[in-house]
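Me: I'm new to reading structures, and salt bridges keep confusing me. Could you pick them out here and walk me through them slowly?

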Amino acid sequence: MGAADRPGGRRPLLVDRQQECAVLDRLLDEARAGRGGVLVVHGDAGIGKTALLDHVAEAAADLHLVRVAGIESELELAFAALHQLCAPLLHRLPRLPAPQRDALDTAFGLRSGPAPDGFLVGLAVLTLLSEASGDRPLVCLVDDGHWLDRTSSRVLAFVARRLVAEPVALVIAAREPGDDLRGLPVLKVDGLPDEHARDLLASVVRSPLDERVRERVLGEARGNPLALLELPRDTADGLWLSAEPSPAGRVERAFRRQIDALPSGTRLLLRIAAADPVGDPARVWRAGRLLGVPAEAATAAVAADLIEFSTWVRFRHPLVRSAAYRAASLAERQEAHGALAGATDPDADPDRHAWHQARAAPGPDEDIAAALARSAGRAQARGGLSAAAAFLDQAATLTPDPARRARRLLDAARTKRDAGDLQAALDLLAAADAGPPDDRRAAEARHLRGQITLEQRRSREAAGLLSGAARQLAPFDAGLAREAYMQALGAAIWTGESEQPGVLREIATAARQAPPGPPEPRAVDMLLDAFAIRLTDGHAAAAPSLANALRLILALEPGAGRDVGRFLWLAGYRAGGIVAGELWDDEAWHTLATRQVEVARGAGALVQLQYALNFLAWANIEGGDLAAAGELLDEDRLIGEAIGARPIGYCAPALAAWRGDEGVATELIEMTNRLAAAQGTGRYRTLADHASAVLHNGLGRHAAARDAARRAFERDELGYDAFVAAELAEAASRTGDPDLVTAVRERMARRCRATPTEWALGTEACVRALDGGGDEAFRESIERLGRTRRRAQLARVHLLYGEWLRRERRRADSRKHLRIAYAKLSAMRADGFAERARRELAATGESVRKRAADTVVLELTAQEAQIARLARAGLSNPEISTRLFISPRTVEWHLGNVFAKLDISSRRQLRTLPI
C-alpha cells in the first residue's frame with residue numbers, strides 16, 4: 001500500500017466546485033467543534049475527486065492529517081489500506097484496551113494469535129482514531145476507495161457508522177460507494193457544465209486551438225476535468241480517433257500516448273512502478289537494476305509530469321498507473337513482476353514476494369502455488385479471510401496437478417464462505433467440482449454447499465444437502481459425518497415437520513445408523529444421538545441421552561478462532577437451548593444464554609452476539625424481567641445498525657405480547673409469519689403462534705389464544721412444550737374445551753415422568769388445576785414454580801388461581817392471589833395480564849386504582865436510553881463502549897446529553913429514573 005497517487009509538479013485547478021468545497025469545509029468545521037463525520041465523495045474517474053481531497057488537505061493545515069489511497073493490485077492483501085491508515089498512529093496502541101490492542105496487532109501481523117473478529121478490529125480502529133484526535137482533530141482521507149481491500153473496506157465502513165463524538169473527519173473518494181459504504185452520507189461529483197468546462201480548457205491551452213478541435217475536446221470530455229486537462233495533449237494535429245466510450249478511457253489512452261513517446265528505459269521503469277503496489281522507491285530501483293534500467297530513466301517521466309520519486313513513488317493520477325501497466329504486453333508485465341519478486345525479501349515480506357512471483361509465472365508452478373497457500377494461511381491467521389481466499393484461488397490457478405488444484409479450490413471456497421461471500425464460495429465450489437473424480441472431495445464439497453445453503457436461510461434445501469453429505473463422508477471421516485448429520489437435523493428442525501413431513505425422522509434414522517464417533521464422545525456426538533433418539537423413539541426414551549448431552553454442553557469451554565463459532569452453536573439456542581427446553585431445566589437454560597452472550601461479546605462475534613442477545617432476552621422474559629429483555633433487544637438493534645444488518649429480533653414478538661402492546665405485537669407476529677412463509681421455516685411459525693397465544697391470553701381473548709397455541713402444540717417442535725403447554729391449557733380451560741385441557745395434561749404427565757424438574761412439575765400441576773385439580777394442584781404449582789426462575793409464569797398461576805377462586809365465590813381467598821398477581825405483573829410491565837388481574841380484583845369488590853404509567857423519558861433517543869441503563873447498572877464508559885461497539889468518548893458524549901435532558905448531574909441520580 002503506497003501513498004496516494006497525486007499530481008507531482010502542479011495542483012489541478014478547482015473550477016466550479018464551490019458547493020462541493022463548502023460541504024467539505026463544513027465537515028472540517030464539525031471536526032473542529034468536536035463532532036465526527038464521514039462523507040463518501042463519488043463520481044467517474046478523473047471527475048475531480050482527488051482534487052477535492054487536495055482541497056481538504058490544504059484546508060485542514062491546522063489539523064492532524066492522514067492520507068492513503070486504495071490500489072487495484074492490493075485488493076488481495078488483507079488489511080493493506082487499513083494498515084497504512086493506522087501506521088502513523090500505532091504509537092498510541094498501548095492506550096487501547098487489551099482485546100482491541102491484540103486484535104489490531106494480529107490483523108497487522110505485529111504478533112501471532114487467533115484470528116481476530118473483523119468487528120473487534122473495527123472497534124480497535126475506532127478507539128485508535130479517537131485517541132489520535134485527543135490533541136487536535138483528525139482528518140482521514142482515503143482516495144480510490146473502490147480499490148480498497150475488502151477487509152479494510154469493511155472496517156472503515158464500521159468506523160464510519162460509529163463516528164459521533166470523536167473530532168474525526170473521514171472522507172472516502174470512490175467511483176461508486178459499493179456495498180460496504182452504502183447508506184453513508186455521500187457527495188456526488190458530476191461533470192462541469194459547458195460554461196465552466198470551456199473556462200477550464202482555456203486555462204490550460206495557451207496556444208490557439210482550432211474551433212473544431214475545441215468542440216471535439218469538449219464533446220469527448222463531457223465535463224470531466226481530467227479529460228479537459230489531458231485530451232488537448234493528444235490532439236495529433238487536431239484529429240484523433242475516439243475508440244474509448246468514456247472520458248476516463250480516453251484520458252487513459254492519452255496517457256498511454258505520452259508514455260509511448262518516452263524512451264524504452266523510462267517506459268520499463270514506469271511499468272515496474274505501476275506493478276509495485278507499495279510505492280517504495282528503493283524496491284522499484286532494485287527491480288529496475290535487475291532489468292538493466294539506466295539511472296537517468298526517471299528524468300523523462302518526471303519532466304513529463306507523470307510520476308514523482310520522493311519518499312514514495314507517486315503517479316500523477318491513478319489513470320497514469322493504469323496506462324503504464326495496461327499498455328504493456330503480458331510478457332512485459334510478467335517481466336516487471338519477476339524483477340519485483342527478485343527485489344523483495346522472501347523472509348521479510350513473503351506474501352508480496354509470492355504475490356509478484358505468481359504474476360510473473362508464465363504457467364503452472366507448484367512451488368509458487370505452495371508459497372501462495374502459505375500466504376493464505378498467514379492472511380487467515382490475521383483475520384483476512386477474503387485475502388486468504390484470493391491467495392488460495394490464485395494458488396489453484398498455478399497448481400499443475402488437477403487433483404491438488406481442485407482441493408485448493410475447495411479450500412478457497414471454504415474461506416470465502418467464512419468471509420461471508422457466499423456466492424463467490426459457490427462459484428469456487430463449481431470450479432472444484434470440475435476436477436478429477438474424488439469421492440472424499442465431492443463429499444466435503446456437498447457438505448460445504450449444504451452449510452452455505454443453511455446460512456442463506458434455505459433450511460429445507462440445506463437439510464437434504466447436509467444429510468446426503470453426511471452419508472458420503474461416513475467412509476472417510478466418521479467425526480465429520482456426524483457433524484454433518486447434526487447440521488442436517490438442525491436444518492430440518494428449523495424447517496419443521498409441518499413443512500417437510502417425515503424428513504426429520506428420516507434424517508434421525510440415518511444418523512442412528514451412522515458410524516460411531518471418536519472413542520471419547522464429543523458434545524456434538526452426544527447431541528446427535530440424543531436428538532436422533534428423541535425424533536425416532538420419543539421424549540421419554542431420549543431423556544437420559546439429552547441429559548448427558550446437556551452435561552457435556554455445560555462443560556464446554558470456548559477455544560480460539562473457529563472453535564468459538566462451534567461453541568456458540570452448541571451452547572446457544574439452536575442446540576443447547578433446545579436440549580435445556582426438552583429437559584425443562586431452567587437453570588441450564590439461563591446459564592447457557594448468559595454464557596453465549598459473554599463468549600460472543602468477548603470474541604467480538606457480532607452476528608452470533610445478536611442471536612445470543614435474543615436467547616438471553618427470552619430467558620429474561622420468562623424470568624419476569626421484561627425491562628432487561630428490552631435492553632438486550634435494543635443492543636441487538638444497535639449492533640445491526642453498526643454492521644449494516646437487520647436485527648435478529650426473534651423474541652421481539654414475545655416481548656411485545658407479554659407487554660400487552662397489541663399493535664406492535666401484531667405487526668411483529670405478522671412479520672414473523674411472512675418470514676416463515678418466505679423461508680419455509682415451521683419453527684418461525686411456532687414462534688409467531690406462541691407470541692400470539694401470550695398476547696391474546698393477556699388481553700382475555702382466549703379463543704384466539706387457544707387456536708394459536710393449539711397450532712404450536714400440535715407441531716410438537718423440540719424444546720417448545722415448555723412454553724406452549726401452559727398457554728394452551730389456560731386458553732382451552734377458559735373457552736370450555738375440557739378435552740383439549742386433558743390432552744395437554746396427559747402430555748405433561750408423560751414429560752414429568754421422564755424429566756421431573758420443578759419447572760415441569762409446576763407446569764403440570766397448573767394444567768392439572770385447570771383440568772379440575774382445584775386448590776391442591778394450584779398450591780403445588782405455586783410452590784414448585786417458586787423454586788425456579790419462572791417468575792412470569794408464577795405470577796400468572798397466582799392470577800389463574802385468583803380467577804378460579806373468585807368463580808368458586810371465595811372472594812377473600814381470591815383477593816390474596818389476585819393482589820400478588822397484580823403486584824408482580826405490574827412490576828414486570830406485563831400490562832395485559834396486569835390489567836386482567838386489576839379487573840378481577842375489582843370484580844371481588846376491592847377498589848383498585850389503575851396503575852399510573854411510569855414517567856417514561858421519551859426525549860431520550862434509543863441509544864441514549866441504552867447507555868443510561870448500562871451506566872445505571874454500574875458499567876464504566878470503557879465497558880459500555882465495548883458492549884455497544886462505540887468509543888468511550890461517544891459514551892461520554894451521549895451521557896452528557898442524557899444528563900442535560902433529564903436535568904441531573906450524576907450517574908447515581910439515574911437509579912431513581914424509569915429509563
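Reply: Sure, let's start with a group: Glu758, Glu764, Arg768, Glu780, Glu783, Arg784 and Arg787 are linked in a network of salt bridges. A salt bridge here is a side-chain nitrogen of Lys or Arg within 4 Å of a carboxyl oxygen of Asp or Glu. Before going on, note that this is a predicted model, where local features need pLDDT of at least 70 and side-chain atom pairs count only at pLDDT 80 or more, while totals for chains, interfaces and linings use all residues. Residues are numbered from 1 along each chain as its sequence is written, and side-chain values use heavy atoms, with hydrogens and water left out.

The structure holds 70 salt bridges, so let's look at a few pairs. In one of them, Arg715 joins Asp689, and their closest N and O atoms are 2.9 Å apart. Arg715 sits in helix H36 (residues 702-715) and Asp689 in helix H35 (residues 682-698), so this pair ties together parts that are 26 residues apart in sequence. Helices, by the way, are DSSP runs of H or I with at least four residues, numbered from the N terminus. Both Arg715 and Asp689 are buried; that word means under 20% relative accessible area, whereas exposed means over 50% and partly exposed is in between (1.4 Å probe, protein chains only).

Now stay in helix H36 for another pair. The side chains of Arg710 and Asp707 meet in a salt bridge, at 3.7 Å from N to O. These two are three residues apart in the helix, which means about one helical turn separates them. Here's the general idea: an α-helix has 3.6 residues a turn, so residues three or four places apart point the same way. Arg710 counts as partly exposed because its relative accessibility is 26%. Asp707 is partly exposed too, with a relative accessible area of 31%.

One more pair to look at is Glu730 with Arg836, whose closest N and O atoms are 2.7 Å apart. Glu730 belongs to helix H37 (residues 721-734) and Arg836 to helix H42 (residues 831-843), so this salt bridge ties together parts that are 106 residues apart in sequence. Both Glu730 and Arg836 are buried.

So when you go back to the picture, try finding Arg710 and Asp707 within helix H36, then follow Arg715 from H36 across to Asp689 in H35, and finish with Glu730 in H37 and Arg836 in H42.
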